[in-house]
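Hi there,

Here is the structure I promised to pass on. Please open it alongside this email and follow along as you read.

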Amino acid sequence: MVRKGEKSPLLAQAHNGPSPLMGDGVLATPYDEPLGTAPRLWDRRFWHLSGLGLVCIITIGLRINTAKMAIVYDPQTGKASDKVIFPKPLFLAATYFLGKLLILPFVSWQPTQWPPHVYGKITLMVVLGAIGGMLEYAAVLYLPVSVVAMVRVAGLVFFTGFASSYVTQKSPMTWQIASALTIVVAGACVTSVYHVKSVEFESGAVVGIFFVLLSTVSDSLEQVVCEVILQEGSVDVDVYTFAGVSGLIGSIFMACVLGLAQVIPGGDHGVMEDSIDTFQQLLASVAVLLLLLVTVVLCLGEMLSAAAMAKYYGVTTKEALLAFRIISAWAFAVIIYYSWEDYGFGEPVTVEGLIFKSIGGVLILGGVLFYVHVRREAEEDMGKVDKWSDDEA
């Protein structure tokens, strides 16, 4: 047991590495504790995590809605269509990396500042993320967004939690932690079940489910690789440069994928995805172009806040907190619906829907708080963090 005022051996060893305050500015944690550890409830690290989570949840909620609006916007009517008008999953997946790339000119990145193995891990992470993104957008062509969101949130919380615990061994796993994550997943399912039972599934729903499950596995592996990179012990990988470099590598990878898509036979004007047609649609519709530009910018804010959470608090904590994105996406859909009611975007508020969202939100909140508490206790018992913070000594 660690006595008051003493540093645990693991904590002292962690402090011998790069300072977690280095290079990340306002995104850095206010306490000098080991990377990837949970905060104590209601301390400054807890509010720091909550602030990062709020930024990420808001940007994700907006991004989901702007991307959906771009996909269904009909330039001929100027309103939302019941069908997908912009079926370009590869291009939409590329926007995520273009958003990250925006910050690269503003960081002092030198290719030699990180060892080659860091770039190798970033490349692996980018490939996994790109595959997950392409499969996610492909699934949206066959399934309602609410179904995709529910399956992905549930899968990401569980797959990321167990991969981080048993594959990379970055996070502890106890029955209390597993119970807390189960509560979070239950809350996410409750928030979405109202939509799931009220929608009609297309004939390709089985294909869509297959795509969304594969995307969840791929993105979960991406998250644990991201955690390993950002918590690198031999070199400090700051969040801003990490975002820019991953955006650069990801954009190059997606450019290659889009190039191959021009010669692989498919259903988009005879090829897998016709990029010439993509740009023609963007040039023909200012509205779609603006929606996608907003989506790209939102991706940057999402990436920075998400990477900071992964670095300082771990990817399992991040994914548990981001279960709120379902509620965020719904809230912005409601705002959009009542702001532009005649255009068919978003969705109206119903009593039943509000009840399900409220119950689900309470479950997610309770599950996240329970998770943070029991994970902190587990890390204290392991000696990863002190049982008393410095300002309480």
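Below is what I found in it, helix by helix and then ring by ring.

Before anything else, please keep in mind that this is a predicted model.

**Helix α3 and its surroundings**

A good place to begin is α3, which covers residues 89-101. Its 13 residues should span 18 Å at 1.5 Å a residue, and the end C-alpha atoms are 19 Å apart, which agrees. Is this helix enclosed or open? Ten of its 13 residues are buried, so α3 is largely enclosed by the rest of the structure. The buried ones are P89, L90, F91, L92, A93, A94, T95, F97, G99 and K100. You may like to colour the elements that cover them, which include α2 (44-72), α4 (116-140), α8 (239-261), α9 (275-284) and α10 (286-313).

**How α4 packs against α3 and α7**

Two packed helices are described by the angle between their axes and the distance between the axes. For α3 and α4, the angle is about 135° and the axes are 8 Å apart. Angles over 145 degrees would count as roughly antiparallel, and α3 and α4 are therefore oblique to each other. Their crossing is right-handed. On the α3 side, the residues that meet α4 are P89, L90, L92, A93 and F97. Their partners in α4 are V126, G129, A130, G133, M134, Y137 and A138.

Helix α4 also packs with α7, which runs over residues 205-230. Here the axes come within 8 Å and cross at roughly 155°. This pair is therefore roughly antiparallel, and α4 passes α7 in a left-handed crossing.

**Aromatic rings**

How many aromatic pairs are there? The count comes to twelve. One of them joins F86 and F91 edge-to-face, at 6.2 Å centre to centre with 80° between the planes. Both F86 and F91 are buried. In another pair, the ring centres of F210 and F211 are 6.4 Å apart and the planes lie at 45°, so the pair is tilted. Ring pairs also link W42, F46 and W47 into a cluster.

**Two residues with positive phi**

Most residues other than glycine have a negative phi. W42, from the cluster just mentioned, has a positive phi of about 75° although it is not a glycine. W42 sits in the loop between α1 (9-15) and α2, and its relative accessibility of 52% makes it exposed.

H269 is another non-glycine residue with a positive phi, in this case near 55°. You will find H269 in the loop between β3 (265-268) and α9. Is H269 buried or exposed? With a relative accessible area of 59%, H269 is exposed.

**A last stop at F158**

F158 belongs to helix α5, residues 145-166. Its relative accessible area of 26% makes F158 partly exposed. Leaving aside residues up to four places away in sequence, F158 touches T182 and V185. Which distance separates F158 from A320 in space? The two are 162 residues apart in sequence, yet their C-alpha atoms are 9.1 Å apart.

Happy browsing, and do write back with any questions.

Best wishes

Notes:
Residues numbered from 1 in each chain as written. Predicted model: local features only at pLDDT ≥ 70, side-chain atom pairs only at ≥ 80, totals over all residues. Heavy atoms only, no water. Helix = DSSP H or I, 4+ residues; strand = E, 2+ residues; numbered from the N terminus. Expected span 1.5 Å × (residues − 1). Buried < 20%, exposed > 50% of the residue type's maximum accessible area, 1.4 Å probe, protein only. Contact = heavy atoms within 4.5 Å. Phe/Tyr/Trp six-rings, centres within 6.5 Å; stacked < 30°, edge-to-face > 60°. Axes fitted to C-alpha atoms, helices over the stretch in contact; angles between N-to-C directions. Parallel < 35°, antiparallel > 145°, perpendicular 65-115°, else oblique. Left-handed = near helix turned anticlockwise from the far one by under 90°.
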